[in-house]
Amino acid sequence: MKILYGTYDFTRTITDRLADTTHTASGTMTISAEKWDERGKLHSLDSEFYQSYPIKPQGKNGIQVSHPNGTYFYDLDNIHGEHTIAHLCGADNYHGVWKYTDGALILIWEVNGPRKDYTMNTVYTKHPPKQ
């Protein structure tokens with residue numbers, strides 16, 4: 001899991017099919033042994049945001065991610081390569097794709113429910129190690 005540790009820049013596109021709108025965001029994400037922090041700006045709404053997700057190692061190469069309130073969100077047996085994620089949150093279905101290779105992480109969420117219908121595509125690019 002240590003290979004994930006570091007700071008990343010990210011770009012995000014959110015396509016909301018219910019509202020027929022597309023939003024873009026960008027910012028930085030930092031992963032440490034305890035958490036995944038994101039700071040960014042949602043450009044279309046001129047709004048800043050901060051999110052922090054507790055994380056912990058899962059097996060040899062896995063990770064478990066929790067919601068900010070500490071409740072379970074998802075886990076991966078192996079952070080390397082491409083994997084699918086499924087999470088039910090109330091009546092909302094979250095289907096994700098996690099792709100990690102060579103310091104780049106792509107996380108795509110398809111979210112559907114009675115009040116949600118959107119795709120969120122985020123590309124994280126890791127900063128090079130400090131020398």
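## Salt bridges, core and pocket of a predicted model

Asp-37 counts as buried, with a relative accessibility of 15%; here buried denotes a relative accessible area under 20%, exposed over 50%, and partly exposed the range in between, for a 1.4 Å probe and protein chains only. The structure is a predicted model, in which local features need pLDDT of at least 70 and side-chain atom pairs count only at pLDDT 80 or more, while totals for chains, interfaces and linings use all residues. Residues are numbered from 1 along each chain as its sequence is written, and side-chain values use heavy atoms, with hydrogens and water left out.

**Salt bridges**

Asp-37 forms a salt bridge with Lys-35, and their closest N and O atoms are 3.4 Å apart. The term requires a side-chain nitrogen of Lys or Arg within 4 Å of a carboxyl oxygen of Asp or Glu. In contrast to the buried Asp-37, Lys-35 is partly exposed, at 36% relative accessible area.

The structure holds 6 salt bridges. One of them pairs Arg-12 with Glu-38, with 2.9 Å between the closest N and O atoms. Because Arg-12 belongs to strand β1 and Glu-38 to strand β3, this pair ties together parts that are 26 residues apart in sequence. Strands are DSSP runs of E with at least two residues, numbered from the N terminus. Both partners are buried: Arg-12 has a relative accessible area of 7%, and Glu-38 has a relative accessibility of 2%.

A further salt bridge joins the side chains of Asp-46 and Lys-41 at 2.8 Å, N to O. Here Asp-46 is exposed, at 57%, and Lys-41 is partly exposed, at 31%. Elsewhere, Arg-17, Glu-110 and Asp-117 are joined into one network by salt bridges that share partners.

**The largest nonpolar core**

The largest nonpolar core has 28 residues, and the members that touch the most others are Trp-36, Tyr-74, Trp-98 and Trp-109. Strand β9 (residues 104-112) contributes the most to this core, with 4 residues. Such a core is a set of buried Ala, Val, Leu, Ile, Met, Phe, Trp, Tyr and Cys residues joined through side-chain atoms within 4.5 Å.

When its neighbours within four places in sequence are left aside, the contacts of Trp-36 include Met-29, Ile-31, Gln-51, Tyr-53, Tyr-74, Trp-98, Leu-105, Leu-107 and Tyr-124. Contact means heavy atoms within 4.5 Å.

**The largest pocket**

The largest pocket has a volume of about 530 Å³. Its lining comprises 22 residues, and Gln-51, Tyr-53, Tyr-94, Tyr-118 and Met-120 lie nearest its centre. Two or more lining residues come from each of β1 (6-16), β3 (35-42), β4 (47-58), β6 (72-76), β9 and β10 (117-126). Strand β10 gives the most, with 4 residues.

By class, the lining divides into 15 nonpolar, 4 polar and 3 charged residues; Ala, Val, Leu, Ile, Met, Phe, Trp, Tyr, Cys and Pro count as nonpolar, Asp, Glu, Lys and Arg as charged, and the others, Gly among them, as polar. A pocket is an open set of points on a 1 Å grid over the protein atoms alone, where a 1.4 Å probe fits, with protein on both sides within 12 Å along at least five of seven lines; lining residues have an atom within 4 Å of a point. Grid points are joined across faces, edges and corners, and the volume is the space filled by probe spheres set on the points.

**Individual residues**

The table gives the place and relative accessible area of four residues.

| Residue | Place | Relative accessible area |
|---|---|---|
| Ser-66 | strand β5 (residues 62-66) | 10%, buried |
| Asp-46 | loop between β3 and β4 | 57%, exposed |
| Asp-102 | loop between β8 (92-101) and β9 | 82%, exposed |
| Thr-15 | strand β1 | 31%, partly exposed |

Two of these residues have a positive phi without being glycine: Asp-46, near 50 degrees, and Asp-102, about 45 degrees.

Apart from neighbours within four places in sequence, Ser-66 is in contact with Tyr-53, Pro-54, Thr-71, Tyr-72 and Phe-73. With the same neighbours within four places left aside, Thr-15 is in contact with Thr-21, Thr-22, Asp-117, Tyr-118 and Thr-119. Thr-15 and Ala-33 are 18 residues apart in sequence, and their C-alpha atoms are 31 Å apart in space.
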